[in-house]
Amino acid sequence: MKNRTGLFTNAVIWFGVAISVSEIQAGVQIASAAPINSIWIPLILGHVIGGILLFSVGLIGARLRVNAMESIRSTFGNFGSKFFAGLNVMQLIAWVAVLNAQGALALMGLNLPISFPATCFILAILVAIWVFIGLQRSSKVTTVVMIVLTMLLIVLSVKLSGINTFHPMADSPMLGFWNIFEISIAMPVSWLPVISDYTKDAQKPVKATTVSALAYTIASLWMYFIGVAVVGVGTTDISQAILISGLGVQGVIIMVLSTVTTNFLATNSAGESAKAIFNRLNPKVTGVIVSILSALLAISGIMDHYIGFLYLITSVFAPMAAVLLVSFYLGNGNNETGDWYFNIFAWLVGFIIYQATVNLDSILLGPTLLSVIASGTLAYIWIKIKKKKFCNF
């Protein structure tokens, strides 16, 4: 019988996913471009809705006992599953590269005597080793790492709060309510094509998925709040905030562990998605290759396109998730020939709507919700049409 993961393991995994430099940087971006009193409601609302989507998608994989990209096969067919799996592998390679680059840049800011390329490769090698060992075999080490990281982040949070005088960035453009909401929801949505890779092995599907979504949402909000606190001490540089708070070696440990824990999950999932395309691929070997490729991409300068890339992930996987949820929960996941054709069309409409609205200034509901509503509505209309035809027949 396959080893199943308990509630604590799932909580640790998804708490660790959220603890990353990228989450803190998102908080920095919001706090540096909006009045402090205006950010809390859209920031929290984005996380709550994102957490609900994360739970709903993760529960599908948990119930079907298949990984994330295999769970969409009943909705988008074999072709659609491989199409999204291919996109997911590519976005995960780039996402790991972004996380790697952010971690390396933060470490460089702590005045370490090591070059940026070397730092990227060191972080990548640590992730590759962890992926090759595997989650089950390293579960105890993972727990210890997360406990140490959590304690250090508590110390950092307390120190930043103690010296927080909040220095607004006067030259920054002001973000509106829905701009802040979009930056907030983008992070949990970026993990939608990943969560089932871990909930599929849960002993208790519903409870484990609930714990996973809650752990991620709480930890992600914490990271955003740290980002706000970073701006509060008069800088947008995480490394400088750590130095201002008086953390030296501890700051290095935070940067290394937060980068490695998040990158491990993303890299491991890239291997799972590759397996959904070519069943004979070994996910661990693929994950190691992804880690090395991501290091090369990080060195090449992917950080110049970070925010645009994050929005691109959302534009692909938010409408995909909407169609999947409607098909699975309202349409019983039927996989007739015409279904996946129309479901791909419904996804495409949502994708186009997102791309058409993402550059509009604080559009009502934001691009993510607009694309989710559009794709979900089209998928639901198709289900109603099918049911009506069946009844008439």
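Axes are lines fitted to C-alpha atoms, for helices over the stretch in contact, and angles between them run from 0 to 180 degrees between N-to-C directions. With that in hand, the packing of helix 5 (residues 116-133) on helix 11 can be described: in this predicted model, their axes come within 9 Å and cross at roughly 50°. An angle of that size falls outside the parallel, antiparallel and perpendicular ranges, so helix 5 is oblique to helix 11. The crossing of helix 5 over helix 11 is right-handed. On the helix 5 side, the contact is made by Leu 123, Leu 126, Val 127, Trp 130 and Val 131. Helix 11 contributes Val 256, Thr 259, Val 260, Thr 261, Asn 263, Phe 264, Thr 267 and Asn 268.

Helix 11 also packs against helix 12 (residues 283-299), here at an angle of about 125° and with the axes 7 Å apart. Helix 11 is therefore oblique to helix 12 as well, and passes helix 12 in a right-handed crossing. Thr 267, Ala 270, Gly 271, Glu 272, Ala 274 and Lys 275 are the helix 11 residues that meet helix 12. Their partners in helix 12 are Pro 283, Thr 286, Gly 287, Val 290 and Ser 291. Thr 267 thus appears in the contact with helix 5 and again in the contact with helix 12.

A word on confidence is useful at this point. Helix 11 (residues 249-277) has the lowest mean pLDDT among the elements of the protein, at 74, whereas helix 3 has the highest, at 93. Across the protein, pLDDT averages 81, and 88% of the residues score at least 70. Where pLDDT is low, the predicted coordinates should not be read in detail.

Turning to the overall architecture, the protein contains 15 helices and zero strands. Of its 393 residues, 56% are buried. Among contacts with a separation of 6 or more, 87% join residues 24 or more positions apart.

Aromatic rings provide another view of the packing, with 17 aromatic pairs in the structure. One of them joins Trp 40 and Phe 225 in an edge-to-face arrangement, with 5.3 Å from centre to centre and 70° between the planes. This pair links distant parts of the chain, since Trp 40 sits in helix 3 (residues 40-64) and Phe 225 in helix 9 (residues 205-232), 185 residues apart. Trp 40 is partly exposed, at a relative accessible area of 31%, and Phe 225 is likewise partly exposed, at 33%.

A second pair brings together Phe 83 and Phe 84, whose ring centres are 5.1 Å apart. Their planes meet at 65°, above the 60 degrees that marks an edge-to-face pair, so this pair is edge-to-face. Phe 83 counts as partly exposed at 33% relative accessibility, whereas Phe 84 is buried, with a relative accessible area of 0%. Both residues belong to one aromatic cluster, which also includes Phe 76, Trp 347 and Phe 351.

Finally, Ser 196 is worth a look in helix 8 (residues 196-199). Its relative accessible area is 1%, under the 20% cut-off, so Ser 196 is buried. Neighbours within four places in sequence aside, Ser 196 is in contact with Val 57, Gly 58, Gly 61, Val 66, Asn 67, Ala 68 and Ser 71.

Technical notes. Residues are numbered from 1 along each chain as its sequence is written. This is a predicted model: local features need pLDDT of at least 70, side-chain atom pairs count only at pLDDT 80 or more; totals for chains, interfaces and linings use all residues. Side-chain values use heavy atoms; hydrogens and water are left out. Rings of Phe, Tyr and Trp (its six-membered ring) pair if their centres lie within 6.5 Å; planes under 30 degrees apart count as stacked, over 60 as edge-to-face and the rest as tilted. Helices (H or I, at least four residues) and strands (E, at least two) are DSSP runs, numbered from the N terminus. Buried means under 20% relative accessible area, exposed over 50%, partly exposed in between (1.4 Å probe, protein chains only). pLDDT is the predictor's confidence in each residue, from 0 to 100. Contact means heavy atoms within 4.5 Å. Angles under 35 degrees count as roughly parallel, over 145 as roughly antiparallel, 65 to 115 as roughly perpendicular and the rest as oblique. A crossing is left-handed if the near helix is turned anticlockwise from the far one by less than a right angle, and right-handed if clockwise.
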